[in-house]
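These entries record what I looked up in one structure. I began with the overall fold and then turned to a single residue.

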Amino acid sequence: MALALADRPTADEAGMIDDFTVHGRHILPDPVSADAAHDLLTQIRRTRQFDHSLFLSEAAFDADPQYTGVNPRPGRNLLDRLQARLGFVEDAPQIVSALSALLGPDYEILNRKIVCGVPASAVPTWLKARIEGAPVNNLGAFVHPDYRDITYFYGIDFHQDLIDYKDRDADFVTLYVYLHEVTVHDAPLFLLEGSHRLGATVFPHDLKRDEQGDWTYADGRGDRIKVQQRVLTGETGFAAIWHACTLHGTQPDAADHERISLRYLFTKRAGTTVGIDRVNASMPKPIRIASTRIDLDADGAAKITQNTINQARD
Ligand SMILES: O=C(O)CCC(=O)C(=O)O
């Protein structure tokens, strides 16, 4: 069926969809405003010290371990309190245009939050010993409840953002924005380009790195592909968008200062057929699974101590 003239994608939109179809990501050619990013970062830093004081004592944690419900949520999300300062991202023409191409003009925010890569120097010794080698070091369980309005990572193994959405289609995308310059020393995102092509797969993922530095990725259903790693270093305001099935992760932050970023999930309006549907149609693979991860026990604590991304080099 021919598309009506108004529905036809522009050249830019078509390029963006091609980029997503092949690589499962789009790196925004222009950063968002560095000045506005810096101002937002200043406001975030005013709310707490990003050091040992974030964390519960070992005794306090052991008295009542809580592994779930420790991320930002409605009513406890620092980004919502800073809403008036988010126009430089949410209204930036290059972001609106990329998201509209993928999700249609009436796309919606599914989730938004601040993510902090916690530096090694801030993690208490007792905690380091407990989390050594674990694949998902989301430290929310160990920080004071008042500070759970931000997500804290000390590295997270290669994963799909679909991991948090069992039984949901990969009809959403992630937007990640750096609020300061991120070098290889600041826990940059590692992204496996083209990995979305195997569709939805279960965490932890079957990945092996060869001598050349390429990864072989198997889907557990009999298919395997070679994918290349891209390390997302970037300047203040750097922004990238990726598919919900694109594998990505971070190593623990070896720097002596925190890495602070914005992480958004955007989704298409229900019932619409848009760019992301064309991307998904190009990969004849499941884009939804009933069980997305097998690394946690019934309380939500890690039961696997194996990690792939920590072996990756730049
Ligand atoms: O910022 C990080 O260290 C990891 C973030 C990430 O991969 C995620 O939130 O899905």
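I first counted the secondary structure of the protein chain in this predicted model and found 8 helices and 12 strands. I then checked the radius of gyration, which is 19 Å; the globule rule gives 20 Å for 314 residues, so the protein chain is as compact as a globular protein of that length.

For the outer dimensions, I took a box along the principal axes, and the C-alpha atoms fill roughly 65 × 45 × 35 Å.

Next I looked up burial and surface. I noted that 53% of the 314 residues count as buried. The accessible surface of the protein chain is about 14,200 Å², and carbon and sulfur atoms account for 49% of that surface.

I also examined the contacts between residues at least 6 apart in sequence, and 82% of these join residues at least 24 apart.

For the charges, I compared the mean position of the 33 positive charges with that of the 44 negative charges; the two lie 3 Å apart.

I then turned to Leu-28. I located Leu-28 in the loop between β1 (25-27) and α2 (34-46). Is Leu-28 buried or exposed? Its relative accessibility is 7%, under the 20% limit, so I entered Leu-28 as buried.

Which residues does Leu-28 contact, leaving aside its neighbours within four places in sequence? I listed Gln-94, Ile-95 and Ala-98, together with Ala-239, Ala-240 and Ile-241.

Lastly, I determined the C-alpha to C-alpha distance from Leu-28 to His-38: 19 Å in space, for a separation of 10 residues in sequence.

Note on methods: Residues are numbered from 1 along each chain as its sequence is written. This is a predicted model: local features need pLDDT of at least 70, side-chain atom pairs count only at pLDDT 80 or more; totals for chains, interfaces and linings use all residues. Side-chain values use heavy atoms; hydrogens and water are left out. Helices (H or I, at least four residues) and strands (E, at least two) are DSSP runs, numbered from the N terminus. The radius of gyration is taken over C-alpha atoms; the globule rule is 2.2 Å times the number of residues to the power 0.38. Buried means under 20% relative accessible area, exposed over 50%, partly exposed in between (1.4 Å probe, protein chains only). Contact means heavy atoms within 4.5 Å. Accessible areas come from the Shrake-Rupley method with a 1.4 Å probe; for residues, only the protein chains shown count as cover. Lys and Arg count as positive and Asp and Glu as negative; His and the chain ends are not counted. The place of a charge is taken as NZ of Lys, CZ of Arg, CG of Asp or CD of Glu.
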